Amino acid sequence: MTHLSLLARARLVAVVTAALATAGGLLVAAPAHAVTPVSVAYVDATDTGAAYDIGSITVRSAPSAGGWARVVLRHGRPVRVGDAVDVWLNVDADARPDLHVVAYSFSEFQVFRARSFSRDGADITARDCARVSMAGRRTVVRFHPGCLGTSRRSAAVARSFGDGATGSPDWAPARRTFTQRVWSYRRAG
Ligand SMILES: [Ca+2]
Ligand SMILES: [Ca+2]
């Protein structure tokens, strides 16, 4: 919850900055967006119509070169049979997804090169670029940002859905919209 409260604080700071800017008649750029963090968190709305609601998404840098970076999703209820999650990762400098992780509860997961949000390339699951765990109310995707090449900064977007006919997909932070980028690998010092 630390990251969520940090996010809440960041929002509060942004609101205060905006209020001061308005009061002073000045336009002040929000400095928070100029700094690349090692962790970002977004609270997602409770979607009663979602098959498998996402309540938050967090992206964290790998602790060191060769380490795992993480995407953590918190869900509105414990995982059930039929729940599934897609996570797209952007690990290079352009705006397009590079890796697509597909996970089904209590089952295998697959990792593809992503050509776009609607089209996958090769199945590269065997390269161990990413691993998934879906347990309790959490989905955790660990990934190697440098799996496909040099990676300085990384971002993620997730979509959950159910196997059954009921309920709609839920995106976080938003449909086909990546989180802010974090450093792929935490920097020493
Ligand atoms: Ca949601
Ligand atoms: Ca990309």
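Read from the start of the sequence, the protein chain runs α-β-β-β-β-β-β-β-β-β-β-β-β, so to speak a one-line map of this predicted model. In count form, that is one helix and 12 strands. Of the 189 residues in the protein chain, 31% are buried. Take the contacts with a separation of 6 or more: 56% of them link residues 24 or more positions apart.

Now pick out one sheet. Five strands make up an open sheet in the order β1-β2-β3-β9-β8, and the pairing is antiparallel. Its edges are β1 (39-43) and β8 (130-135), each of which pairs on one side only. On average, and ignoring direction, neighbouring strands in this sheet are turned by 10 degrees against each other.

Let's stay with the β8 edge. Its partner is β9 (residues 138-143), and the two pair in the antiparallel sense over six bridges. To get the register, look across from β8 to β9: Val132 sits opposite Val141, and Ser133 sits opposite Val140. Between the two strands the hairpin has two residues, and there Gly136 takes a positive phi near 55 degrees.

Which side chains of β8 are buried, and which are not? They alternate along the strand. Ala130, Val132 and Met134 point to one face and are buried, while Arg131, Ser133 and Ala135 point to the other face and are not buried. Put that next to the register, and you have Val132, buried, facing Val141 across the strand pair, followed by Ser133, not buried, facing Val140.

Note on methods
Residues numbered from 1 in each chain as written. Chains lettered and ligands numbered in written order. Predicted model: local features only at pLDDT ≥ 70, side-chain atom pairs only at ≥ 80, totals over all residues. Pairing = 2+ DSSP bridges. Helix = DSSP H or I, 4+ residues; strand = E, 2+ residues; numbered from the N terminus. Axes fitted to C-alpha atoms, helices over the stretch in contact; angles between N-to-C directions. Buried ≥ 20, exposed ≤ 12 C-beta atoms within 10 Å, placed from the backbone. Contact = placed C-beta atoms within 7 Å.
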